[in-house]
Amino acid sequence: MSDASQTKLAVWAAGLLPGELAGALGLRPAFRGKQVFKWIAKGASSFSEMSDLPAPDRERLSGLPLYSSSVDEALTGADDSVKLKIRLRDGAAVESVLLTDAEGRMTACLSTQVGCPMACAFCKTGALGFLRDLGPDEIVEQYFHLSAIRGRPSNIVFMGMGEPLANIDALRKSIAVLTHPDGLGVSRRKITISTCGVVPGIRELADNGPHVRLAVSLTAATDDLRSALMPVNRSWNLAALKEALLYYQEKTGDRITLEAAIMGGQNSSVESAAAMAEWIRPLNAQVNVIPWNPVPGLPYHEPSRAEASAFEAELERRGVNAVRRARRGRGVSGACGQLGDTLGASLLAEEDEEDEEE
Ligand code: SF4
């Protein structure tokens with residue numbers, strides 16, 4: 001088999017459903033695909049391990065790599081969070097984070113793009129720019145790499161590098177693989193898609209799923225301030241966002257999580273909280289108040305504890321359920337808005353080296 005065909009098969013395997021695997025791997029009959037799917041979900045590292053496949057098939061597939069990505073670096077923080085730098089098939093890299101809460105519940109924070117095109121002013125990933133979308137295999141493999149650390153995380157948040165709803169086909173496919181009952185079987189209610197407010201994507205989720213939890217980065221509830229902090233607001237302003245969220249709630253009946261990353265002196269005032277409470281009023285939503293995590297080179301500073309408390313109290317006083325998010329992951333720069341620091345200046349670091357060799 002040529003190198004090209006080997007690469008193609010390796011790219012597909014972890015991102016394929018049982019019904020697709022048999023055809024992609026040339027296996028007959030079709031139930032062989034389900035066997036391979038189960039092995040991958042169990043963490044097999046090669047086709048040779050798949051003992052219920054016929055020996056000739058195992059032999060034929062033995063040279064194929066099962067995964068298209070590998071772990072380059074693992075950093076562990078004082079709060080037990082782990083950040084992985086994952087090298088992709090083309091030399092690009094992404095980061096994924098494992099967060100463990102006080103009850104020992106593990107959450108995998110997965111990336112959907114290399115870099116991000118949305119350019120939120122307070123985000124390290126946004127400052128890196130955008131290289132490309134991830135494929136479903138590259139998204140699912142992040143979960144496998146994180147599972148190899150302390151076992152399978154029960155929760156998944158698509159809150160890593162990139163805007164999930166700007167890569168909705170790969171996102172949808174990866175969720176189908178992650179939740180499939182013959183494989184990992186992750187509960188849909190334990191999966192959260194976090195968007196910066198891509199309105200067509202929210203409507204698409206409302207109409208066609210997948211039906212998982214939705215979180216939206218709101219950050220500010222006046223158009224001027226939100227547009228300054230989040231360029232997405234110039235494409236879909238607060239009125240368009242609210243209309244889409246009301247539509248989403250009408251279709252799904254779900255409560256939505258709104259995220260408010262607050263930066264001292266920017267959007268952390270009591271007036272900002274009051275505007276947010278007014279904007280939220282018709283929605284069934286909880287606000288996660290996230291004191292901004294420092295990112296070297298960005299012109300913001302953390303809010304004081306007093307500012308964050310006053311912001312939260314104003315939301316509550318106006319009848320909004322507000323929760324202060326613990327700053328987990330911060331020790332490894334794996335907290336919200338901090339992803340990307342292991343990647344250096346280039347999202348495709350190895351390409352430069354290869355170019356020099358040529
Ligand atoms: S906050 Fe999210 S959507 Fe905004 S630039 Fe960062 S990764 Fe992209």
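**Figure 1. Residue classes in the shell around the ligand.** In this predicted model, the shell around the ligand comprises 7 nonpolar, 4 polar and 1 charged residues. The residues that surround the ligand include the cysteines C116, C120, C123 and C196, and M118, A119 and M161 are also found around the ligand. The surroundings of the ligand are completed by T125, G126, G162, E163 and G337.

**Figure 2. The open sheet and its two edges.** Ten strands form an open sheet with mixed pairing, and their order is β1-β2-β3-β4-β7-β8-β9-β10-β11-β12. The edges of this sheet are β1, which covers residues 70–76, and β12, which covers residues 321–324, and each of these strands pairs on one side only. From one strand to the next, the twist averages 25 degrees.

**Figure 3. Pairing of strands β4 and β7 within the sheet.** Strand β4, made up of residues 106–109, pairs with strand β7, made up of residues 155–158, in the parallel sense, and 3 bridges are found between them. One of the residues that can be followed across this pairing is A108, whose bridge partner in β7 is I156. In the strand order of the open sheet, β4 is followed by β7.

**Figure 4. Surroundings of A24 in helix α2.** A24 belongs to helix α2, which runs over residues 18–25. A24 is classed as partly exposed because 15 other C-beta atoms lie within 10 Å, a count that falls between the limit of 12 or fewer for exposed residues and the limit of 20 or more for buried ones. A13 lies 11 residues from A24 in sequence, and the C-alpha to C-alpha distance between these two residues is 8.1 Å.

**Figure 5. The protein chain as a whole and its two low-confidence stretches.** The protein chain contains 14 helices and 12 strands, and 46% of its 358 residues are buried. Of the contacts in the protein chain with a separation of 6 or more, 67% are between residues 24 or more positions apart. The average pLDDT of the protein chain is 91, and 90% of the residues score at least 70. Over residues 1–11, however, the pLDDT is below 50, and the model gives this stretch 15 contacts beyond near neighbours in sequence. For residues 350–358 the pLDDT likewise stays under 50, and the model has 3 contacts beyond four places in sequence for this stretch.

Notes
Residues are numbered from 1 along each chain as its sequence is written. This is a predicted model: local features need pLDDT of at least 70, side-chain atom pairs count only at pLDDT 80 or more; totals for chains, interfaces and linings use all residues. A residue is near a molecule or strand if its C-beta atom, placed from the backbone, lies within 6 Å of it. Ala, Val, Leu, Ile, Met, Phe, Trp, Tyr, Cys and Pro count as nonpolar, Asp, Glu, Lys and Arg as charged, and the others, Gly among them, as polar. Helices (H or I, at least four residues) and strands (E, at least two) are DSSP runs, numbered from the N terminus. Two residues are in contact if their C-beta atoms, placed from the backbone, lie within 7 Å. pLDDT is the predictor's confidence in each residue, from 0 to 100. Two strands pair if DSSP finds at least two bridges between them. Axes are lines fitted to C-alpha atoms, for helices over the stretch in contact, and angles run from 0 to 180 degrees between N-to-C directions.
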